[in-house]
Amino acid sequence: MSESPASRSNGNNLAVPAQRPSLVAAASSAYNSDSSIHRIKNIPGYTTPVFKGKEEQRALIENEVAAKGFIPRELVPGEVNWFYSNLGIDDTYFQNESREVISDHIIALFGAKILAYTKHDPSKLVIDLERIDEDGNGATFIHSSAPGFTTTEGPGAVCEARIDELFLDNSTPTNAYRLETFRSTGSISATASQQLRCYFVTKCSFPSSPPKLVEGKTDIRSVSDSSFLEKATENTLNIYQKVMWNVEARYGPVIEVFEVEGTRERRIVIGYKMGGTSRFFSALSNLYHFYSLYSARKYVEQFSNGVTIISMYLNPLPSANAPPIEHSIFQVMKEASLLFCLPDNPYFLPKSPGSHAVQEATYAYCGWIFAQHFCNRLGPAYLQLKNVLNENDPAHAEVLNDIKRRFREETFTRESIAQVIHAHPDLIRLLYVNFAMTHYPQSDEASSLMPTLSYQRLQTVQPLTDEELYDKIRRSVPNKHELQVLEAFLIFNKHVLKTNFYQPTKVALSFRLAPDFLPEVEYPKKPYGMFFIIGNDFRGFHIRFRDVARGGIRIVMSRNKETYSINQRQLFDENYGLASTQSLKNKDIPEGGAKGTILPSIGANPRRCFEKYVDAVIDLLIPGQTPGIKEPIVDLYGKPELLFFGPDEGTADMMDWAAIHARERGAETWWKSFTTGKSAQKLGGIPHDTYGMTSLSIRQYVLGLYKQLGLREKDVTKVQTGGPDGDLGSNEILLSSDKTVAVIDGSGVVADPNGLDRAELIRLAKLRVPVGNFNTSKLSKDGYLVKVEDHDLRLPSGELVLDGTDFRNGAHLRFKADLFVPCGGRPEAVNISNMAALIDSEGKPHFKYIVEGANLFLTQQARLHLEKRKVILFKDSSTNKGGVTSSSLEVLAGLALSTQEYIDLMIFKDGKPSEFYQNYVKDIQAKISENAANEFQCIWREHARLQGTKPRTTISDELSSTLNNLQAELENSDLFDDVPSRKGVIRRAIPKTLVGQVGLETLMERLPETYQRALFSSWVASHFIYKYGVNASSVDFFHFARDLAK
């Protein structure tokens, strides 16, 4: 899966990752694969066990069946003999099952024959025998089955799906199930020609000793189930061993095809990491049936190192009107990789006149998800309302928001979109051809001996121009609703710039979209770039507002179906809002705002969803160079792209994996900067909380206030949300020396009007434990601690607290103090409905000053309302940008240092940081304090210049917009081309420790030009505006620009 050339080969085209002295100091491994077909001798892959006690068992069974009396005694020997000799049931069954189960199955078979006889139609003979072991040791299923055909009724319709659900999908390295399934050679009875399909599921018995490694790779025998080892031939073990090594070396599935000498049989072997997909085994049957192939035998083997290998023996149906297996097998191989991503696809149906092939069905599924998010749901009625209402009026804005949400929910539902897709298979096929004509990789055909069937299919459908296709859709559909759904497919086609849809192996589907289709009325600020990712158990987005941009990846979890539906409807809007807010905060750093969101299905493993999301995005960032694994894709964007990911809700512990994975995939130049929030010791990350990065910028605003107003810190009373257990809360306590009267956090509320004991707060902050652990003996007679679990608690004032959680949730609205610093809490904790509670009966606000440390703690309406009441308030996007500055400089170190320098200078040795690392951290802290102090001064000056007529909140937003706009203008200007100015700025913008270590010339060679432009323009824009103010003139800029080269 990797695209890097640096790997050692062991002579049979299997990658051998070099030995890793540490987590990172590793050679990236290339995953080569011989994508051509392998030829094997026509010998069995498994030895068929011979059950020695079969004759003895048969005699005992005859007696038991006769004793039960259901079958006439004279017919018993014939029925038992038929069951044992003519049906072709494998000896595994007779060896594993008890006599009671076998006799019951013979009687059931006889009963089925009688039922078919009464219908006067031998083809109605349906056999359905099953036994599921109550102790979880496995199961047996036997049913009648026509070869090469997916039944939609009877036992065969659900049998494999049940095996997936009950056994295969839930397998883990400690509790796994293997499967053998055979098609019988004999027919059911003298009059019925159907064959039987037998499935044997058994619980794996793995060796108790740890896996044996040979040259760093797992020896298959040391991780295999004992019965598999008894049955597998040497040849099968060798094939599986190579597949296993490939699975261990790469993230996606490994798919190999083997041609059996002297026959038309093909064996497909698919290996993947256990749990990497679900419902896959049953979906594969639908796939090969689609091409009129049938399987004689199939095996699913599990291994204790977490690898699953599926093996299928496929043959062409005689006299089937289908492409020859010699061609169709490559299609099965290609489409198996799409099925791996989306095995449970409602648009892939058994072969029938209206059904879609896998590629069309997968396209239909992607279009279905796209339409759910982007069918333009607001329309003219909303526009008229928007023009009538004033969005700056808090009440109007709230109403507009509610109407927007309602419109969204009621117009296009998942079900109504699905109905349209099912109703127009012919139009979906034409839309797919329209998509494929652009994105189907042509080189794929030039290098291959014969065109694949999907390519031939494309040739048979007359492709229409976009206008003709739209015209055909418009004339074919009965109403506007259906037209809009199908229009969404066309919009999707026109805006995909690149996709991994046709990559031979992948774990999820990713699309890089041009965001031009987003309606301006809903999304006034157009994003720069957009990624859309679809997996079998999640969907996700990534939005960025500038070419060089950074932001966190958030996992949005759902408690139940109802919250999942709400999350799904709001996913894109939430992502857009977060990325947009991030741009305001990133105003004085090179990276613009970005954000990623991942919505796992209910019950999905969030970490696995994150890993698939990252891998699918990397597919579009690294050009494919490995035939059969990662091949070149059609790239309409046409430029290299870099994304920078950070931690967010649910992903803080996943940043290390993403960086290492990017390196393994071949991102040698940018894996170090791909993620921020990496662990310091192992990967040279710079943790915000350890070094108090975010708190440093919040602190500059608090100190700025004290200085401007001539206040003494120890006399100032303060209320704080976010306790001593959190990053911001603990650092706020450790950095301050004020008189804190209340702290509110997840565990409860501790308050004391005489000031909380400072030493006790510091003790909790150093231990990183919540206020629930506050030593109450340190409180004055008026102080109290209310924990969330408390009930009916009386406060010193005599007030009765009925419920501790309710008390905590409203506590930020009850206290009064000079200063309020929210360092934690839910977004929008102060909003339009409760903001009046912060003003007392005399019209005086509870707080004189608010420095908003936690993101979005107050809504915009609440901020403006409080400023009207003369509260001095600084909003989040100005105050807490220390964290983003730190992350930005973590990215810079990753881009500027070579891999060896990075390992030597940024990664801890023996648990200790290098001198370079310590100095670099000090540089970052100084830059954070400098940026925050500069912005504070700028906002304060502007507010004074306007004599208080404009709220600081508005000034802060305008400052962000002015900076972002100036930065964008500068990026596209020719000022960057003036080399002396460029050098002067870059020397000042990069911390001196880094310039001293690497040298300015080398830095300018290593940093990508897009990044240098962004770095140049952000430094110039922020330093100019902070110095001259928001209303600076072009003459001011002329003077400023003259000194850049100095």
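**Figure 1. Glutamate 760 and its salt bridge within helix α26 of the predicted model.** With a relative accessibility of 3%, glutamate 760 counts as buried. Its partner, arginine 763, has a relative accessible area of 36% and is therefore classed as partly exposed, the range for that class lying between 20% and 50%. The closest N and O atoms of glutamate 760 and arginine 763 are 2.8 Å apart, and the two residues form a salt bridge. Both belong to helix α26, where a spacing of three residues corresponds to about one turn of the helix. Elsewhere, one network of salt bridges with shared partners joins Arg699, Glu713, Lys718, Glu732, Asp738 and Arg758.

**Figure 2. Salt bridge between arginine 768 and aspartate 689.** The side chains of arginine 768 and aspartate 689 meet with an N to O distance of 3.7 Å. Arginine 768 is located in the loop between α26 (758-767) and β24 (784-787), and aspartate 689 in the loop between α23 (680-683) and α24 (693-709), so the pair ties together parts that are 79 residues apart in sequence. Arginine 768 is partly exposed, at 31% relative accessibility. Aspartate 689 is likewise partly exposed, at 29%.

**Figure 3. A buried salt bridge, glutamate 259 with arginine 266.** The side chains of glutamate 259 and arginine 266 form a salt bridge with an N to O distance of 3.9 Å. Glutamate 259 and arginine 266 are both buried. The structure holds 66 salt bridges.

**Figure 4. Surroundings of aspartate 745, a buried residue with no salt bridge.** Aspartate 745 is found in strand β22, which spans residues 739-745. The nearest side chain of opposite charge is that of arginine 808, 6.2 Å away. A polar atom of the aspartate 745 side chain lies 2.9 Å from the backbone nitrogen of valine 771. Beyond its neighbours within four places in sequence, aspartate 745 is in contact with Gly722, Gly723, Pro724, Asp725, Pro770, Val771 and Arg808.

**Figure 5. Phenylalanine 492 in the largest nonpolar core.** This core has 210 residues, and those with the most contacts inside it are Phe492, Phe511, Phe610, Tyr920 and Leu994. Leaving aside neighbours within four places in sequence, phenylalanine 492 is in contact with Tyr363, Cys366, Phe370, Phe435, Phe511, Leu513 and Phe532. A second, separate core of 49 residues includes Phe51, Ile89, Tyr93 and Phe200. In soluble globular proteins, nonpolar side chains tend to be buried together.

Note on methods: Residues are numbered from 1 along each chain as its sequence is written. This is a predicted model: local features need pLDDT of at least 70, side-chain atom pairs count only at pLDDT 80 or more; totals for chains, interfaces and linings use all residues. Side-chain values use heavy atoms; hydrogens and water are left out. A salt bridge is a side-chain nitrogen of Lys or Arg within 4 Å of a carboxyl oxygen of Asp or Glu. Buried means under 20% relative accessible area, exposed over 50%, partly exposed in between (1.4 Å probe, protein chains only). Helices (H or I, at least four residues) and strands (E, at least two) are DSSP runs, numbered from the N terminus. A nonpolar core is a set of buried Ala, Val, Leu, Ile, Met, Phe, Trp, Tyr and Cys residues joined through side-chain atoms within 4.5 Å. Contact means heavy atoms within 4.5 Å. Lys and Arg count as positive and Asp and Glu as negative; His and the chain ends are not counted. A polar contact is a pair of N or O atoms within 3.5 Å; within protein, one must be able to donate a hydrogen and the other to accept it, and residues adjacent in sequence count only if both atoms are side-chain atoms.
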